[in-house]
Amino acid sequence: MSMYWGTSRWSAMEIMEAYSVARQFNLIPPVCEQAEYHLFQRDKVEMQLPELYHKIGVGVVSWSPLACGIVTGKYENGIPESSRASLKSYQWLKEKILSEDGRKQQAKLKELTHIAEKLSCTLPQLAIAWCLRNEGVSSVLLGTSNPAQLTENLGAIQVLPKITAIVASDIDKILGNRPQSKKDYHH
């Protein structure tokens, strides 16, 4: 018997509709949305879902906090043979990494490495802590290949309190992709 349930890749409107139907028929509404969220994928979690966090308490279970390994820095000098992007079934990832946007992302990650060094953490730890910092994120799904990666990624918990408003602002300046809501515009 399921006590709670969530959605994956649903729009805010679909989640709200499911919530309304559940309430109408005295059923359990969705409690979370599983959404892709990382340094380079921000719009849905930061623009479309916040209203749901506040209105109906739906939290985000984010996936791919390291953007399929892009945020680890391992693709800085190309595609390593042992990496996911070297596999035939991940040709789309290889193309993404080698694209102009991919090269720009690698340059931004190089800049973010300086922030990670100041905080005495790794780039993956910084990226995961950055995801956890969002008030709407209930949990971050980690996709690790080995115990060492898991241990490193779990170290993000120690980094979380170090991501102050100033550090978050510095990260936003480097990324240059902070979504702007209508409320952010000052006329």
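This is a short chat about strands and aromatic pairs in a predicted model.

User: Let's start with strand β3. Is it mostly covered or open?

Analyst: Mostly covered. Strand β3 spans residues 59-63, and 4 of its 5 residues are buried.

User: How does β3 pair with strand β2?

Analyst: In the parallel sense. Strand β2, residues 32-36, pairs with β3 over 5 bridges.

User: Which residue in β3 does Glu36 stand opposite?

Analyst: That's Trp63.

User: And how many bridges link β3 and β4?

Analyst: There are 3 bridges, again in the parallel sense. Strand β4 covers residues 137-140. Val60 of β3 stands opposite Val137 in β4.

User: New topic. How many aromatic pairs turn up in the whole structure?

Analyst: A search finds 3. One of them joins Trp5 and Trp10.

User: Why is the Trp5 and Trp10 pair called edge-to-face?

Analyst: Look at the angle. The planes are at 70°, and over 60 counts as edge-to-face. The ring centres lie 6.2 Å apart.

User: Are those two buried or exposed?

Analyst: In between. Trp5 is partly exposed, with a relative accessible area of 33%. Trp10 is also partly exposed, at 31%.

User: What about Tyr90 and Trp92?

Analyst: They form an aromatic pair too, and this one is tilted. The distance is 5.9 Å centre to centre, with 40° between the planes.

User: What is the relative accessibility of Tyr90, and of Trp92?

Analyst: Tyr90 has 26%, so Tyr90 counts as partly exposed. Trp92 has 43% and also counts as partly exposed.

Key. Residues numbered from 1 in each chain as written. Predicted model: local features only at pLDDT ≥ 70, side-chain atom pairs only at ≥ 80, totals over all residues. Heavy atoms only, no water. Buried < 20%, exposed > 50% of the residue type's maximum accessible area, 1.4 Å probe, protein only. Helix = DSSP H or I, 4+ residues; strand = E, 2+ residues; numbered from the N terminus. Pairing = 2+ DSSP bridges. Phe/Tyr/Trp six-rings, centres within 6.5 Å; stacked < 30°, edge-to-face > 60°.
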